[in-house]
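Colleague: Got a minute to go through this model with me?

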Amino acid sequence: MDDALKKKLIEAMTGAIVSHTDELTALDQAIGDGDHGLNMKRGFEAVLADMGPISAKPLPDALQAIGTTLVMKVGGASGPLYGTLFMALGKELPPEPTVTDLARALAAAIEAVKARGKSDLGQKTMLDVLAPLQVALAHGGTDLTKRLPEVVKDAAEATVPLRAIRGRASFLGERSVGHMDPGARSSALLATAICNTIGA
Ligand code: ADP
Ligand code: MG
């Protein structure tokens, strides 16, 4: 994990969010308040602005720094939740993680998000992408960087028929059915950006 790879990962995550801001906005307009695209763009642009010092840190500290920035800059419900996710990954991961380390750390980070959000799987949130991603990582095997983007794409699509139980979308009750969850989509975008960078 050299500084150059950490920089590429930050650029890739920011690029994925910035190039899909309008889509995330539209998804959140359908079942929320329409701010998820701009929230995430603001957060990752702040991470990008700090890319030099962040990527000079060892991976655990870099992840903690990203988490802190996201908590401060994203706002909404998703800011503290993405912040918790990245900070927990920073706490759990060694500087040079294996796939096994990643699976274990993501499991712990998902528990931290659940605790922070008082949420669980099947409630139409980012957890419905993060959990299948963790299962696939734990299962391991070859071509993970090719297969995981498919896993998260399918998982985000699988939030369409769900009824939201947490977050703003839950205020809509049955009317939240038939739309993809914005946080599920942003999680899929981030995971795909990471896979494409590592697999490149
Ligand atoms: P807000 O809902 O405050 O406007 P955002 O629009 O930025 O915040 O983020 C909404 C996303 O946050 C949802 O699509 C969902 O994935 C995620 N989310 C909201 N509440 C929770 C929760 N309690 N647990 C997990 N994820 C949540
Ligand atoms: Mg919103």
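Modeller: Sure, metal site first, then a helix pair and one lysine.
Modeller: This is a predicted model, so local features need pLDDT of at least 70, side-chain atom pairs count only at pLDDT 80 or more, and totals for chains, interfaces and linings use all residues. Residues are numbered from 1 along each chain as its sequence is written, chains are lettered from A and ligands numbered from 1 in the order written, and side-chain values use heavy atoms, without hydrogens and water.

Colleague: Which protein donors does the magnesium ion (ligand 2) have?
Modeller: Asp28 (OD), Asp33 (OD) and Asp35 (OD), at 2.0 to 2.2 Å. Donors are N, O and S atoms within 2.8 Å of the metal (3.2 Å for Na, K and Ca); water is not among the atoms, so sites may look incomplete.

Colleague: How are the donor residues spaced in sequence?
Modeller: D-x4-D-x1-D.

Colleague: Is Asp28 buried or exposed?
Modeller: Buried, at 9% relative accessible area. Asp35 is partly exposed, at 26%. Buried means under 20%, exposed over 50%, partly exposed in between (1.4 Å probe, protein chains only).

Colleague: New topic. Which residues in H8 meet H10?
Modeller: Val129, Leu130 and Leu133 in H8 meet Ala184, Ser187, Ala188 and Ala191 in H10. Helices are DSSP runs (H or I, at least four residues), numbered from the N terminus.

Colleague: And Lys41, where is its place?
Modeller: In helix H3, residues 36-49. Lys41 is partly exposed, at 26%.

Colleague: What is Lys41 in contact with, leaving aside neighbours within four places in sequence?
Modeller: Ile17, Val18 and Thr21. Contact means heavy atoms within 4.5 Å.

Technical notes
Helices (H or I, at least four residues) and strands (E, at least two) are DSSP runs, numbered from the N terminus.
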